[in-house]
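Dear colleague,

I am passing this structure on to you, and below it you will find my notes on what turned up when I went through it. Please read them with the coordinates open beside you.

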Amino acid sequence: MAQNRIYDEITIGETASLTRILTANDLFVFAHASGNINPVHIPDIDWTGDGEKDDPVAPSMWVGSLISSVLGNVLPGPGTAYRKQTFNFRAPVHLGDKLTVSATVSAKEADGVVRLDTRVTRSDGTVIADGEAVVVAPSTRITFDASALPGILVERHQHFDRLNELVRPLPPLPVAVVAPDDANSLGGALLAARESLIAPILIGNAAAIEAAANSLGEDLGEIEIIDVASDEQAAAKGVALVHEGRARALMKGHLHTDVLLGHIVKRDGGLRTGKRLSHCFVMDIPGRPSPVIISDAAINIAPDLAAKVDIVQNAIDMGRALGIATPKVGILSAIETVNPAMPSTLDAAVLSKMAERGQITGGIVDGPLAMDNAIDVQAAKTKGITSLVAGHADVLIAPNLEAGNMLAKELTFIAHAEAAGLVVGASVPVILTSRADDARARLASCTLALLYDHWRRNGTALAPFEPEGTAHREIVPEAGQ
């Protein structure tokens, strides 16, 4: 709880300040609120026309609006009424800049009027803006909950953008693309190749592949094509290329998933590792500070406990490949208590204990957890759950494929998430694409394969995951308190 400073309490010379870090979301919100859509102030836009996205500059009035946060929240605080504000804008503000916003009382006048010197400075000491505020200070005490303001959801997918930039220095991943003989599957592979994410080897009916390329207006150029007569032969050849060391990942084309996976899991000549294969959806959800991994939503229909052990371990490995040092895993059920009549709660409790005993490694596992208390801190507090995972889950393990698939689709079509997927548990990552996937989803899935391949080969992630900086405030006590 916080409270204001009434006029009679305020003394000349007392000061208050807040700190703020400029994020991309700040610029998007300000553009919507103000109607100012000058491209100079909008992230991810090439406003100079040089082919590269330009670093946006904060609108001056966004900087000026920070003064009102000190006056309205701290000094004098709630109940303050603006009379006048002057500004001198002296330097630009860029993404990531940490600003200190301060107000110092310079005079008190009749009728509750207070004058304050206002200033915004960058962390390096540069003065961004200064001026004077004239306000009417409150005459009665107001106490308020400083955390009561609802959050704002900004439809922006920052995590995949970051991961795509992260892998750019890596050489393209050699990928065996199995049966890319339609426009969707071939187009996705060629797009990833143009972005230097993969070096594709196309395996399938050569005439059909060429026809698909012609329908797209694409020239396959020097891309290698291995001509085989059937999908079965294409899947077998893709697996063989992995054994030959020519491919370090597989990509599903226009064939049934079971045909490809059947050759991957063969006891003789397959790509088995001793673990069950499972699919990981990596979800970039607007408003979430980190990606969320959902498993399994595509391969294991009704996994038993032994299968869930591998599903959990595979998902932890995927999280570590993304740079999450110790992924927090929530084992989902309809409730957060163990109920013998609900088998998923028993599995969740056992998986949690197995992680404690080192039978599942690299992450923190807890369950059973309901969806709300797995991802929302307040929901977990309301239920009285004490857990390192509750409210902070990086990984959500569904009780079965139906639940996992519905969860992923709901997040995609209702919460505006972007989804990318990868099959893990084999000796190489397997990129599964859907006909419904757009270009960004196909690129993101290839990015996941690159990250996972790097993690498997080197034992470390390409870079630690660091959430985008968020706004925060620090209050300097007023003089005399």
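The lining of the largest cavity is made up, by class, of seven nonpolar residues, one polar residue and two charged ones, and I should say at once that the model is a predicted one. The residues concerned are Lys-308, Ile-331, Leu-332, Ser-344, Asp-347, Ala-348, Leu-351, Ile-397, Ala-398 and Pro-399, and the elements that contribute two or more of them are β15 and α9. Helix α9 gives the largest share of this lining, with four residues. The space inside comes to about 40 Å³, and the structure holds one cavity of 30 Å³ or more.

Helix α9 deserves a closer look on its own account. The helix runs over residues 343-356, and its 14 residues should span 20 Å at 1.5 Å a residue, which agrees with the 20 Å that separates its end C-alpha atoms. Its buried residues are Ser-344, Thr-345, Asp-347, Ala-348, Leu-351, Ser-352, Met-354 and Ala-355, and they pack against α8 (305-321), β15 (328-332) and β16 (364-369). In an α-helix there are 3.6 residues a turn, so residues three or four places apart point the same way. Just after α9, Gly-358 adopts a positive phi of about 85°.

For the overall setting, the protein has 13 helices and 19 strands, and its C-alpha atoms fill a box of roughly 90 × 60 × 35 Å along the principal axes. Of the 481 residues, 48% are buried. Among the contacts between residues at least 6 apart in sequence, 70% join residues that are at least 24 apart.

Strand β6 (residues 113-122) is the place of Leu-116, which counts as buried because its relative accessibility is 0%. Once its neighbours within four places in sequence are set aside, Leu-116 is in contact with Leu-71, Leu-75, Ala-103, Thr-104, Val-105, Ser-106, Gly-131, Glu-132, Ala-133 and Val-135. Between Leu-116 and Ile-331 there are 54 Å in space, C-alpha to C-alpha, and the two are 215 residues apart in sequence; Ile-331 is one of the residues that line the largest cavity. Arg-122 also has its place in β6, and with a relative accessible area of 18% Arg-122 is buried, the cut-off being under 20%. With neighbours within four places again left aside, the contacts of Arg-122 are Pro-92, Asp-97, Lys-98, Leu-99 and Ile-128.

In helix α3 (residues 158-166), the buried residues include Gln-158, His-159, Phe-160, Leu-163 and Asn-164. The buried residues of α3 pack against β13 (278-284), β18 (418-424) and α13 (439-458).

As to the cysteines, a disulfide requires two sulfur atoms within 2.5 Å, and by this rule the count comes to zero. Cys-280 is in no disulfide, with the nearest cysteine sulfur, that of Cys-446, lying 16 Å away. Seen from the other side, the cysteine sulfur closest to that of Cys-446 is the one in Cys-280, and at 16 Å it is too far for a bond. Cys-280 counts as buried at 0% relative accessibility, and Cys-446 is buried too, with a relative accessible area of 1%.

Some points of backbone geometry may interest you when you inspect the model. Most residues other than glycine have a negative phi, and most peptide bonds are trans. A cis peptide bond joins Leu-75 and Pro-76, with omega at about 0°, and Pro-76 is placed in the loop between α2 (60-73) and β3 (81-85). The bond from Gly-367 to Pro-368 is cis as well, with omega near 5°, and Pro-368 lies in strand β16.

Asp-111 is not a glycine, yet has a positive phi of about 60°; its place is in the loop between β5 (98-108) and β6, and at a relative accessible area of 71% Asp-111 is exposed. His-416, likewise not a glycine, has a positive phi of about 65° and sits in the loop between α12 (401-413) and β18, where His-416 counts as partly exposed at 34% relative accessibility.

With best regards

Methods: Residues are numbered from 1 along each chain as its sequence is written. This is a predicted model: local features need pLDDT of at least 70, side-chain atom pairs count only at pLDDT 80 or more; totals for chains, interfaces and linings use all residues. Side-chain values use heavy atoms; hydrogens and water are left out. Buried means under 20% relative accessible area, exposed over 50%, partly exposed in between (1.4 Å probe, protein chains only). The expected span of a helix is 1.5 Å times one less than its number of residues. Contact means heavy atoms within 4.5 Å. On a 1 Å grid over the protein atoms alone, a cavity is a set of points where a 1.4 Å probe fits but cannot get out, and a pocket is an open set with protein on both sides within 12 Å along at least five of seven lines; lining residues have an atom within 4 Å of a point. Grid points are joined across faces, edges and corners, and a volume is the space filled by probe spheres set on the points. Ala, Val, Leu, Ile, Met, Phe, Trp, Tyr, Cys and Pro count as nonpolar, Asp, Glu, Lys and Arg as charged, and the others, Gly among them, as polar.
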